[in-house]
Amino acid sequence: MEAILRILKAAADPNRLRILRVLCAGPFNVAELTEILAVGQSTVSRHLRLLSEAGLVDVRRAGTWAYYSLRVTDGEGGAREADVLPDELLSLLRGRWDEEGPDARAVERVLRQRREATSVFFGKAAEGWDRRRDRALGPPRHVDRLLELVGDGETVVDLGTGTGVLLERLGPAFGRVIGIDASPEMLEIARGRAEESELARTELRLGQLEHLPLSDGEADTMVANLVLHHVADPPAVFREIRRGLSHGGRLVIADLEEHDDESFWKSLGARWPGFRPEDVREWLLAAGFESVRTERLPTENGGPRPAVWLVAAARSSGNGTIHQPRRNG
Ligand SMILES: C[S@@+](CC[C@H](N)C(=O)[O-])C[C@H]1O[C@@H](n2cnc3c(N)ncnc32)[C@H](O)[C@@H]1O
C-alpha cells in the first residue's frame with residue numbers, strides 16, 4: 001500500500017505525468033525534455049528530481065551526459081520490482097497519448113535532430129572510418145562469437161552496415177544479405193567493398209533503422225554490430241526490427257558496455273555511452289522479443305576499452321518455434 005501511495009503522489013502533477021509519458025518513448029536529457037515540454041529547465045529538473053526520489057525514473061550520468069529513463073527494472077537486470085512504475089500506470093499513460101499532440105510532435109522533432117546529428121557525423125567520418133574505429137576499439141575480436149550466434153538462414157540484414165565489414169562474413173551462411181545504413185557516404189564505401197569482393201546476393205539499402213526499408217517479415221535474421229550506441233531511439237528501433245523479422249526470426253546485437261570515457265565516445269560520434277545489456281533486454285522484451293540471452297565478453301588484456309556484450313533474441317512466433325543458430329565446429 002505504501003508503495004502505491006508513493007507512486008501516485010509522485011505522479012500526481014500534470015507536468016510529471018507528461019514527463020513519464022514522454023519517457024515511455026525512451027531516454028531523454030534535461031535539455032531535450034525542456035524543449036519537448038516547453039517549460040523552464042528548472043521546472044523540469046525539479047520534477048525529475050521528485051520522480052527520481054520516488055524511484056520512478058533512473059538517471060544515468062556519464063561525463064556531461066545525464067539521461068533520464070523510466071525505472072522498470074531493479075537495476076541489476078532482475079525481475080520487475082513491485083514498487084517501480086506499474087504496468088497499469090504505463091498503459092494508462094500510453095492510452096491517453098495524443099499522437100498528433102504537441103508533446104508527441106516535440107518528441108519526434110528531438111529524435112529527428114538526433115538522427116540528423118548522426119548522419120552529419122558519419123557523412124564527414126566515412127572516409128577513414130575503419131582506421132578510426134580500429135584505433136579506438138582495437139581489433140574486433142567479438143565478431144567471431146557474434147557470427148556464431150547469428151548462425152545461418154535465408155535472409156540476413158546487417159543493420160547500420162557502415163563500411164560493410166560484416167557483409168563478406170555473413171555471405172557464406174545466408175542465401176541473401178541486405179546491408180542497411182542511413183549514411184550515403186558510408187554505404188558508398190560498403191558498395192565499393194562489396195564490388196571488390198564480388199559479393200553475390202548482397203544488396204545495400206539506404207534507410208533509417210527506425211523506418212527500415214524492408215517489408216514485413218522480410219528477414220529471418222538481423223544483426224546490429226556496434227550500432228545501437230549511435231541510434232537516436234533504441235526502443236523504436238527494436239519495434240521496427242520486430243516488424244521486419246519473420247516469426248521466430250533472430251536478432252543478434254553486439255555493443256559496448258556503459259562507460260564514462262567521454263573523449264572516446266565523442267571520437268566515435270556515439271549518442272550513448274554504451275548500455276547495460278540488462279536495459280537492452282528490457283527494451284527487447286517490451287518490443288515483443290523472447291528468449292533474450294545476454295553475454296558479457298571480457299575487455300582484452302584488461303585494457304581500458306569498454307567491454308563488448310552480445311545479446312541474442314527471437315521474435316515471438318506465436319507457435320513457439322525459434323530459428324536455431326548454426327552450431328560451429
Ligand atoms: C559504427 S558504424 C558501423 C558499424 C558496422 N555495423 C560495423 O560492423 O562496422 C555505425 C553505422 O550505423 C549507422 N547508423 C547510425 N544510426 C542509424 C540509424 N538510425 N539508421 C540507420 N543507420 C544508422 C551510421 O550511419 C554508421 O554507418
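This passage describes a sheet and two pockets in a predicted model.

Strands of a sheet pair through backbone hydrogen bonds, and the pairing can be parallel or antiparallel. In this model, seven strands build an open sheet. Their order is β6-β5-β4-β7-β8-β10-β9, and the pairing is mixed. The edges are formed by β6 (202-206) and β9 (289-296). Each of these edge strands pairs on one side only. On average, neighbouring strands of the sheet are turned by 15° against each other, with direction ignored.

One pair of strands shows the pairing in detail. Strand β4 (residues 153-159) runs parallel to strand β5 (residues 174-181). Six bridges join β4 to β5. For Asp158, the bridge partner in β5 is Gly179.

A helix also packs on this sheet: α11, which spans residues 234-244. Helix α11 touches β4, β7 (219-225), β8 (245-256), β9 and β10 (308-315). The direction of α11 makes about 145° with that of β8.

Empty space was examined next. A probe the size of a water molecule, rolled over the atoms, shows where such space is left. The largest pocket has a volume of about 1100 Å³. Its lining consists of 46 residues. Nearest the centre of this pocket lie Leu23, Cys24, Ala25, Gly26 and Pro235. Where does the largest pocket lie with respect to domain 1 and domain 2? Domain 1 (2-97) and domain 2 (129-315) both give residues to the lining, so the largest pocket lies between them.

Several helices and strands contribute to that lining. At least two residues each come from α2 (14-23), β2 (57-62), β3 (65-70), α5 (87-95), α6 (102-125), α11 and α13 (277-286). Helix α6 gives the largest share, five residues. Helix α11 thus has two roles in this description: it packs on the sheet, and it supplies residues to the lining of the largest pocket. By class, the lining of the largest pocket has 22 nonpolar, 19 charged and five polar residues.

The second largest pocket holds about 640 Å³ of space. It is lined by 33 residues. Closest to the centre of the second largest pocket are Gly160, Gly162, Asp181, Leu226 and Val227. Helices α6 and α7 (129-137) each supply at least two residues of this lining. The largest share, four residues, comes from α6. The lining of the second largest pocket divides into 15 nonpolar, 12 polar and six charged residues. Helix α6 therefore gives the largest share of the lining in the largest pocket and in the second largest pocket.

How values were computed: Residues numbered from 1 in each chain as written. Predicted model: local features only at pLDDT ≥ 70, side-chain atom pairs only at ≥ 80, totals over all residues. Heavy atoms only, no water. Pairing = 2+ DSSP bridges. Axes fitted to C-alpha atoms, helices over the stretch in contact; angles between N-to-C directions. Contact = heavy atoms within 4.5 Å. 1 Å grid on protein atoms, 1.4 Å probe; cavity = no way out; pocket = protein on both sides within 12 Å on 5 of 7 lines; lining within 4 Å. Points joined across faces, edges and corners; volume = space filled by probe spheres on them. Nonpolar A, V, L, I, M, F, W, Y, C, P; charged D, E, K, R; others polar. Domains from an automatic or database assignment.
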